Amino acid sequence: MEKYINLAVAKGRLADTAVKALGGMGISFDDYTSSSRKLIHIDHKRGVRLVLVKADDVPTYVEQGAADIGIVGKDTLMESMASVYEMMDLEFGKCKFVVAALKDHVENKQKKSYVATKYVNVAKEFFKSKGKSVEIIKLNGSVELAPLVGLADTIVDIVETGTTLKENGLVIVEEICPVSARLIVNKASLKTKGDIIENMIQQLCPNQKERKTDL
């Protein structure tokens, strides 16, 4: 079991992109298809085990050592606050974190502001950095609905094209930060399997010299 490098990736489009990238460096999973429900795929020759998990769980698998490496969106990584090494920006799956509100929204500084979001930790840290006191309302989907029904004044969410916001009468009030896929590594694995991991990283992103080694 120890001879394998375990790679945790979110099921779906991110996994498809990762498998294609790995194929370019000679790592292949013969039984992998986009429609497959199988959760573990192995390249025995190269010693790589692909573990497909829910996106929100990727940082946990890597932090706890069940996976040596993970590919995860920066949004999920920021929200998880996991203790892992963020090695590099893989530069796909690009979008951005934003604060959005209805077009006619006017901030009332005399009243507490309510913010709806799936990303509670991201929202808390952002507004704390701005010195603003807000009430965070945790939602798991369709946060664009919250301002429409009076549940919240603003939302914090990720957007790619902004189409969903526009169709629901919302506009971007402020941009928080860019988001894209990141490669993360378990801290112990970087010591015990460092040479193998570094080789994989170099093959995946040969042109990226600078790497981050912490969040």
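Two strands count as paired if DSSP finds at least two bridges between them. Strands (E, at least two residues) and helices (H or I, at least four) are DSSP runs, numbered from the N terminus. The model here is predicted: local features need pLDDT of at least 70 and side-chain atom pairs pLDDT 80 or more, while totals for chains, interfaces and linings use all residues. Residues are numbered from 1 along each chain as its sequence is written, and side-chain values use heavy atoms, with hydrogens and water left out.

**Exercise 1. Find the strands that pair with β9, and say which way they run.**

Step 1: Start with β6 (residues 95-102), which pairs with β9 in the antiparallel sense over 6 bridges. Here Phe97 stands opposite Ile158 of β9.

Step 2: Now try β7 (residues 113-117), which runs parallel to β9 and is joined to it by 3 bridges. Look for Ala116: its bridge partner in β9 is Ile155.

Step 3: Check how covered β9 (residues 154-159) is. Of its 6 residues, 5 are buried (buried means under 20% relative accessible area, exposed over 50%, partly exposed in between, with a 1.4 Å probe and protein chains only).

**Exercise 2. Work out how many disulfides the structure holds.**

Step 1: Recall the cut-off: a disulfide is a pair of cysteine sulfur atoms within 2.5 Å.

Step 2: Apply it, and you get 0 disulfides. Take Cys95: its nearest cysteine sulfur belongs to Cys177 and is 9.3 Å away.

Step 3: Have a look at Cys177 too, which is buried, with a relative accessible area of 18%.

**Exercise 3. Which parts of the chain does the salt bridge between Lys193 and Asp68 tie together?**

Step 1: Get the term straight: a salt bridge is a side-chain nitrogen of Lys or Arg within 4 Å of a carboxyl oxygen of Asp or Glu. The structure holds 9 of them.

Step 2: Check the pair. The side chains of Lys193 and Asp68 meet at 3.1 Å, N to O.

Step 3: Place both ends. Lys193 sits in the loop between α7 (187-192) and α8, and Asp68 in the loop between α2 and β4, so the bridge ties together parts that are 125 residues apart in sequence. Both Lys193 and Asp68 are buried.

Step 4: Compare another pair, Glu175 and Lys96, whose side chains meet at 2.9 Å, N to O. Glu175 is in strand β10 (residues 170-179) and Lys96 in strand β6, 79 residues apart. Lys96 is partly exposed, at 26% relative accessible area.
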